[in-house]
Amino acid sequence: MALKILLKGSSPSKEVVEKVLNKQELKEVEFLSSDQTAGQDYLLLENATNLNYDFKYLIGQARARGQGETELLEYRENGGQELELLGPDFVRNEAKVLSSDYFDGHQGTGIRYFLASGEGRFGIASTAHKNELIEVEHRPCLFLDRDGIINEEGDYPHKISQIIFKEELFPIISWARKKHYRVIVLTNQAGIARGFFGPREVEQLHTEMDQELRKRGFAVDAWYYCPYYWPKGEGAYKKHSLLRKPAPGMLLKALADFQINLDKSLMIGDKISDALQMPGLKSYILEGNYDLSDCPADTFSDLDAIYRQILEDFK
Ligand SMILES: [Mg+2]
C-alpha cells in the first residue's frame with residue numbers, strides 16, 4: 001500500500017519530502033491533493049510559518065474531521081532536531097485528546113507534522129530514527145504460541161536455562177517487524193495449575209526471554225499466559241477459563257491492550273488449540289509436536305515452510 005501524503009500550506013517541498021522518503025527506501029508514495037483525502041489514511045505535512053519557538057517541528061496525531069479540517073489528538077515537539085533524527089518513540093501510540101486551548105496556544109508556532117486519517121483512525125506516522133516509518137495504531141499482529149514455536153518443546157520449561165530458542169522462527173519475526181507488525185505471545189501455561197511452578201516464575205521467564213530476544217534484535221510487544229487448567233489443576237487455577245486457548249481470551253486481552261488490525265494478523269502455533277477461530281486471523285500450525293488430525297488450520301512440516309507460506313499469503 002502506498003504511503004499517501006498531503007502537503008499543506010507552506011509544508012516542506014515535495015522534493016525535500018521525497019528525499020527523506022527515499023532514504024527510507026520507501027518507493028510507494030502518493031502525494032494527494034486536498035480534495036482527495038476523504039476516506040483515506042494519509043500523512044499530513046503542514047508548516048505553520050510563524051516560528052516563535054525554538055523547536056523546528058511539531059509532530060502530532062490528528063484525526064480528520066472533514067475536508068480540510070483536523071482534530072489534534074496529541075503532539076510532541078522535537079526540540080529543534082531534524083526530522084531524520086527523531087527516534088521511533090517520537091510519536092507515541094496512545095493518543096489523547098488535548099484541550100483546544102493547548103492546541104490554540106501552539107497554533108502558528110512551528111511546522112506541524114500530523115498523522116491524519118479520513119476514517120477517524122490512525123495510519124502511518126512519520127518518524128525518522130534510522131529513517132523508518134512506523135504505524136501508530138491498528139497495526140497487524142504476529143501472534144505466537146511459546147513452547148514449540150519460540151522455544152523448543154520441553155517438559156514444562158519455566159527457567160531460562162531450560163529455553164532453547166528456535167532460530168528458524170527469527171526470520172518470521174524479522175519479517176513481521178519490517179512490516180511494522182506487532183509481535184505478541186499467547187501461551188497456555190497449565191504448569192501453573194498443575195502446581196509445577198507459579199505465575200511469578202512464568203513472568204520472570206518471560207522477562208528474561210524478552211531480554212534474550214531483544215539482544216538478538218527481535219522485539220516482542222507483550223507476553224500473555226493462561227495459568228488455568230481443567231480438570232487437572234490445583235486450587236484456584238483449576239477452572240475453565242476463556243483465557244485458555246483455543247478460547248480467545250488472551251487474544252481479546254491483546255486486542256483491548258493494543259489497536260490491532262485482525263484482518264492482516266496471523267497466529268503460529270503447534271497445537272490444534274493454537275488455531276484460534278477469529279474472523280480475519282490466519283493460523284499456521286507446525287507439525288511434529290502434537291496430533292493434528294482434524295486441525296482446522298493449515299499445517300506445515302517446519303517453520304521455514306510456514307515462512308514461505310506467509311510470504312505468499314501476505315505479499
Ligand atoms: Mg506450543
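These are my notebook entries on a predicted model of one protein chain.

**Confidence**

I began with the confidence scores and found that the chain averages a pLDDT of 72, with 60% of the residues scoring at least 70. Over residues 47-137 the pLDDT falls below 50, although this stretch still has 177 contacts in the model beyond near neighbours in sequence. Where pLDDT is low, the predicted coordinates should not be read in detail. I therefore read no detail into residues 47-137, where the pLDDT is below 50.

**The sheet**

I next traced the sheet, which is open and is formed by six strands in the order 11-10-9-12-13-14, with parallel pairing. Its edges are strand 11 (222-226) and strand 14 (298-300), each of which pairs on one side only. I looked up the twist as well: on average, neighbouring strands of this sheet are turned by 20° against each other, direction ignored.

I then looked at one pair of strands by itself, namely strand 9 (residues 141-144) and strand 10 (residues 182-188), which run parallel and are joined by four bridges. Within this pair I noted that Leu 142 has Val 183 of strand 10 as its bridge partner.

**The nonpolar core**

In soluble globular proteins, nonpolar side chains tend to be buried together. Here I found that the largest nonpolar core has 40 residues, and that Phe 143, Ile 172, Leu 266, Ile 268 and Ile 306 are those with the most contacts inside it. I followed up Ile 268, which touches Leu 144, Asp 145, Ile 149, Tyr 284, Leu 286 and Ile 306 when residues up to four places away in sequence are not counted.

**Helix 7**

Ile 306 led me to helix 7 (residues 303-313), which lies across strand 12 (266-269), strand 13 (282-286) and strand 14, and runs at about 160° to strand 13. Which of its residues are buried? I found Leu 303, Ile 306, Tyr 307 and Ile 310. Seen down the axis of helix 7, these buried residues fall within an arc of 100°, so they line one face of the helix. They pack against helix 3, strand 12, strand 13 and strand 14, whereas the face turned away from the buried side carries the exposed residues Asp 304, Arg 308, Leu 311 and Glu 312.

I also checked Asp 313, which is found in helix 7. Asp 313 counts as exposed because it has 11 other C-beta atoms within 10 Å, and the cut-off for exposed is 12 or fewer. Asp 313 and Lys 264 are 49 residues apart in sequence, and their C-alpha atoms are 9.9 Å apart in space.

**Helix 6**

In helix 6 (249-257) I noted Met 250, Leu 251 and Ala 254 as buried. They cover an arc of only 100° around the axis, which puts them on the same side of helix 6. What covers these buried residues includes strand 9, strand 10 and strand 11.

**The loop between strand 11 and helix 6**

I then went through the loop between strand 11 and helix 6, where Tyr 228 has its place. Is Tyr 228 buried or exposed? It counts as buried because it has 20 C-beta neighbours inside 10 Å, and 20 or more is the cut-off. Leaving out residues up to four places away in sequence, I listed the contacts of Tyr 228 as Ala 193, Gly 233, Tyr 237, Lys 239, Ser 241, Leu 243 and Arg 244. The C-alpha atom of Tyr 228 is separated by 7.4 Å from that of Gln 189, which is 39 residues apart from it along the chain.

In this loop I also looked up two prolines, Pro 231 and Pro 246. The peptide bond from Trp 230 to Pro 231 is cis, with omega near 10°, and a cis peptide bond also joins Lys 245 and Pro 246, where omega is about 15°.

**Positive phi angles**

Last, I looked up two residues with positive phi. Tyr 156, in the loop between strand 9 and helix 3 (170-178), has a phi of about 50° although it is not a glycine. With 13 other C-beta atoms within 10 Å, Tyr 156 is partly exposed. Asp 294, in the loop between strand 13 and strand 14, has a phi near 65°, which is likewise positive in a residue other than glycine. Asp 294 is exposed, with 6 other C-beta atoms within 10 Å.

How values were computed
Residues numbered from 1 in each chain as written. Predicted model: local features only at pLDDT ≥ 70, side-chain atom pairs only at ≥ 80, totals over all residues. pLDDT = per-residue confidence, 0-100. Contact = placed C-beta atoms within 7 Å. Pairing = 2+ DSSP bridges. Axes fitted to C-alpha atoms, helices over the stretch in contact; angles between N-to-C directions. Core = buried A, V, L, I, M, F, W, Y, C linked by C-beta atoms within 7 Å. Arc of directions from axis to C-beta.
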